[in-house]
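Welcome! Here is a short briefing to help you find your way around this structure. Keep the sequence and the 3D view side by side as you read.

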Amino acid sequence: MSRKILAVGIAILTANAYAFDVTVVDVDGNAITNASVNVTGAVRKQYVNENGRLVIDNTASEIHIAAKGYSHQIITLNDKKTSLVVTLQRSVIEQVDVKGLPIHASAIESAQPISVLSGEALRNQQAATLGDSLEGLVGVHTSFHGNVASTPIIRGLSGPRVLITQNGLDVSDASRIGPDHAVASEVATAEQIEVMRGPATLFFGS
C-alpha cells in the first residue's frame with residue numbers, strides 16, 4: 001500500500017516540475033487579456049486569464065501566441081526555463097501564418113505518415129543507438145547487432161533503403177552498407193527526431 005502512495009506522489013511532483021508559465025503583455029507592460037496560446041500539435045487553443053497569464057505543459061516544443069490587433073509570435077521553448085514573458089507589438093494589418101511542412105501538424109491533421117519525437121517523449125525513449133530509440137514507434141523496428149550498432153528498420157526496409165539525415169544533410173555513413181556498423185549521428189544530443197514514411201519521403205529524394 002505504501003509503495004502505491006509513494007508512486008502517485010512522485011508522479012504529481014514530476015508533472016508540476018514541468019509547468020511552464022507564459023505571460024503576454026504589450027510594449028507598455030500591460031497584460032493582454034484576449035491572447036490565445038496554441039501549443040504545436042494540440043487540437044484546441046488556450047487563452048490567458050485577466051492577468052495575461054497561462055500555465056502550460058513544459059513538454060511543448062513550440063507555441064503560437066496571437067491576439068486581435070497585435071502581431072503574432074511563434075516561440076520555441078527552452079526546457080531549462082520555467083517562465084516566459086512575451087511582448088506583442090500592435091499592428092493594424094492582419095497577420096496570416098502559413099506553414100508548409102506537415103511536421104507542425106498533429107497526427108490527425110496531417111495527411112502525411114510522419115512521427116515526431118521531441119521534448120519529454122524523446123527523453124523517455126532515448127537509448128544508446130538510433131534504432132533502439134525509435135523501436136517503440138509504430139512500424140519501426142531495429143536491427144540489433146550489439147549494444148552499439150543498431151539501425152532502424154522502417155516498414156521492413158533497412159540499409160540503403162532508409163535515408164538518415166542530420167539537420168537536413170545526408171549522414172551517409174557505413175551503417176548504410178552494413179548493419180553491424182553504428183549510425184554516425186549521436187542520439188544523446190538530438191533535440192528532435194522525425195520519421196517519414198510513404199510520400200513524405202519525397203521531400204528528400206527518391
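In strand β3, Y47 is the bridge partner of S36. That contact belongs to the pairing of β2 and β3, which is antiparallel and has two bridges. Please keep in mind that this is a predicted model. The points below start from this pairing and then move on to the other sheet, the salt bridges and the surface.

**The four-stranded sheet**

- β2 and β3 are part of an open sheet of four strands, in the order β3-β2-β5-β6, with antiparallel pairing.
- The edges of this sheet are β3 (46–47) and β6, each of which pairs on one side only.
- Strand β2 covers residues 36–39, and four bridges connect β2 with β5 in the antiparallel sense.
- Within that pairing, V39 has I63 of β5 as its bridge partner.
- β5 also runs antiparallel to strand β6 (residues 73–76), again with four bridges.
- Here E62 is matched with T76 of β6 as its bridge partner.
- Six residues lie between the strands in the hairpin of β5 and β6, and G69 takes a positive phi near 90° in this hairpin.

**A closer look at β5**

- How many of the five residues of strand β5 are buried? Five of the five residues, 62–66, are buried, so the strand is largely enclosed by the rest of the structure.
- Which residues cover the two faces of β5? E62, H64 and A66 are on one side, while I63 and I65 are on the other, and all of them are buried.

**The three-stranded sheet**

- A second group to look for is an open sheet of three strands, ordered β4-β1-β7, whose pairing is mixed.
- Its edge strands are β4 (53–57) and β7 (83–87), and each of these pairs on one side only.
- From one strand to the next, the twist averages 25°.
- Strand β1 (residues 19–25) runs parallel to β7, and five bridges join the two.
- One bridge to pick out is that of V22, whose partner in β7 is L84.

**L84 and its surroundings**

- L84 sits in strand β7.
- Is L84 buried or exposed? L84 has a relative accessible area of 18%, so this residue counts as buried, the cut-off being under 20%.
- Setting aside neighbours within four places in sequence, the contacts of L84 are F20, D21, V22, T23, I75 and L77.
- Between the C-alpha atoms of L84 and R53 the distance is 9.8 Å, and the two residues are 31 residues apart in sequence.

**Salt bridges**

- How many salt bridges does the structure hold? There are two salt bridges.
- One of them is formed by D21 and R53, whose closest N and O atoms are 2.7 Å apart.
- This pair links distant parts of the chain, as D21 is in strand β1 and R53 is in strand β4, 32 residues apart.
- R53 is partly exposed, and its relative accessible area is 38%.
- In another salt bridge, the side chains of R123 and E120 meet at 2.7 Å, N to O.
- Both R123 and E120 lie in helix α2 (residues 119–125), where they are three residues apart, about one turn of the helix.
- R123 is partly exposed as well, with a relative accessible area of 35%.

**The surface and the loop between β10 and β11**

- Which residues make the nonpolar surface patch of about 290 Å²? The patch is made by L163, F203 and F204.
- L163 is found in the loop between β10 (150–154) and β11 (165–166).
- With a relative accessible area of 41%, L163 is partly exposed. Patches are made of residues with over 30% relative accessible area, so L163 passes that cut-off.
- G159 has its place in the loop between β10 and β11.
- The relative accessible area of G159 is 23%, and this glycine is partly exposed.
- G159 and S143 are 16 residues apart along the chain, and their C-alpha atoms are separated by 9.6 Å.

Definitions and conventions
Residues numbered from 1 in each chain as written. Predicted model: local features only at pLDDT ≥ 70, side-chain atom pairs only at ≥ 80, totals over all residues. Heavy atoms only, no water. Patch = residues over 30% accessible without salt bridge, like charges linked within 9 Å, V, L, I, M, F, W, Y side chains within 5 Å. Areas by Shrake-Rupley, 256 points an atom, 1.4 Å probe, with all protein chains shown as cover. Salt bridge = Lys/Arg side-chain N within 4 Å of Asp/Glu carboxyl O. Buried < 20%, exposed > 50% of the residue type's maximum accessible area, 1.4 Å probe, protein only. Pairing = 2+ DSSP bridges. Axes fitted to C-alpha atoms, helices over the stretch in contact; angles between N-to-C directions. Contact = heavy atoms within 4.5 Å.
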